[in-house]
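Grab a coffee and work through the exercises below with the model open beside you. Try each task before you read its solution.

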Amino acid sequence: MKLKDTYTTQQVADVYLAMAQNKENQNRVLRMNKTGARILELLHKETTEEEITAQLCQEFEGDAAAIGESVHRFVEQLKSTGLV
């Protein structure tokens, strides 16, 4: 899976936003934390949930299963909003 090129991300204080850059989705904005923004960054190239989870386990402290579940939930949200 890969992030669609029609979206850009921006940081505003401690909040990260992904915004649609085309007319059909121009009102779509996704608000996320630093971890969500990192997942979006990893999705700029073709990758899998497992690869994202492995990378986050190297970068953040936490249980690998819990990180994997969080990645899965976030990716499902991205799919439902059309970001991937």
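**Exercise 1. What covers the buried residues of α2?**

Before the solution, some ground rules: this is a predicted model, where local features need pLDDT of at least 70 and side-chain atom pairs count only at pLDDT 80 or more, while totals for chains, interfaces and linings use all residues. Residues are numbered from 1 along each chain as its sequence is written, and side-chain values use heavy atoms, with hydrogens and water left out.

Step 1. Find the helix. α2 spans residues 49-59; helices (H or I, at least four residues) and strands (E, at least two) are DSSP runs, numbered from the N terminus.

Step 2. Pick out its buried residues: E49, I52, T53 and L56. Those four sit on the same side of α2, because they cover an arc of only 100° around the axis. (The arc is that of the directions from the helix axis to the C-beta atoms. Buried means under 20% relative accessible area, exposed over 50%, and partly exposed in between, with a 1.4 Å probe and protein chains only.)

Step 3. Look at what lies against them. The cover includes α1 (34-42) and α3 (64-81), where contact means heavy atoms within 4.5 Å.

Step 4. Flip to the other face. Turned away from the buried side of α2 are the exposed residues E50 and Q58.

**Exercise 2. Work out the order of the strands in the sheet and say whether the pairing is parallel or antiparallel.**

Step 1. Recall the general rule: strands of a sheet pair through backbone hydrogen bonds, either parallel or antiparallel. Here, two strands pair if DSSP finds at least two bridges between them.

Step 2. Read off the order. Three strands make an open sheet, β1-β2-β3, with antiparallel pairing. β1 (7-12) and β3 (29-32) are the edge strands, each with a single partner, so one side of each has no neighbour in the sheet. On average, neighbouring strands are turned by 20° against each other, direction ignored. (Axes are lines fitted to C-alpha atoms, for helices over the stretch in contact, and angles run from 0 to 180 degrees between N-to-C directions.)

Step 3. Check the β1 and β2 pair. Six bridges hold these two antiparallel strands. Y7 stands opposite A20 in β2, and V12 has V15 as its bridge partner in β2. The two strands form a hairpin with two residues between them, and A13 in the turn has a positive phi of about 60°.

Step 4. Now the other pair. β2 (residues 15-20) is joined to β3 by four bridges, again in the antiparallel sense. Y16 has M32 as its bridge partner in β3, and M19 stands opposite V29 in β3.

Step 5. Add the helix on top of the picture. α1 lies across β1, β2 and β3, and runs at about 125° to β3.

**Exercise 3. How many salt bridges does a search of the whole structure find? Place some of them.**

Step 1. Count. The search gives four, a salt bridge being a side-chain nitrogen of Lys or Arg within 4 Å of a carboxyl oxygen of Asp or Glu.

Step 2. Start with R38 and E59, whose closest N and O atoms are 2.7 Å apart. R38 is in helix α1 and E59 in helix α2, so this pair ties together parts that are 21 residues apart in sequence. R38 is buried at 19% relative accessible area, whereas E59 counts as partly exposed at 35%. The pair also belongs to a network of salt bridges that links R38, E41 and E59.

Step 3. Move to helix α3. E69 and R73 form a salt bridge at 3.7 Å between the closest N and O atoms. E69 and R73 are four residues apart in helix α3, so about one helical turn separates them. Both count as partly exposed, E69 at 39% and R73 at 49%.

Step 4. Finish with K79 and E76, whose side chains meet in a salt bridge (3.7 Å, N to O). K79 and E76 are three residues apart in helix α3, about one helical turn. K79 is partly exposed at 43%, and E76 is partly exposed at 34%.
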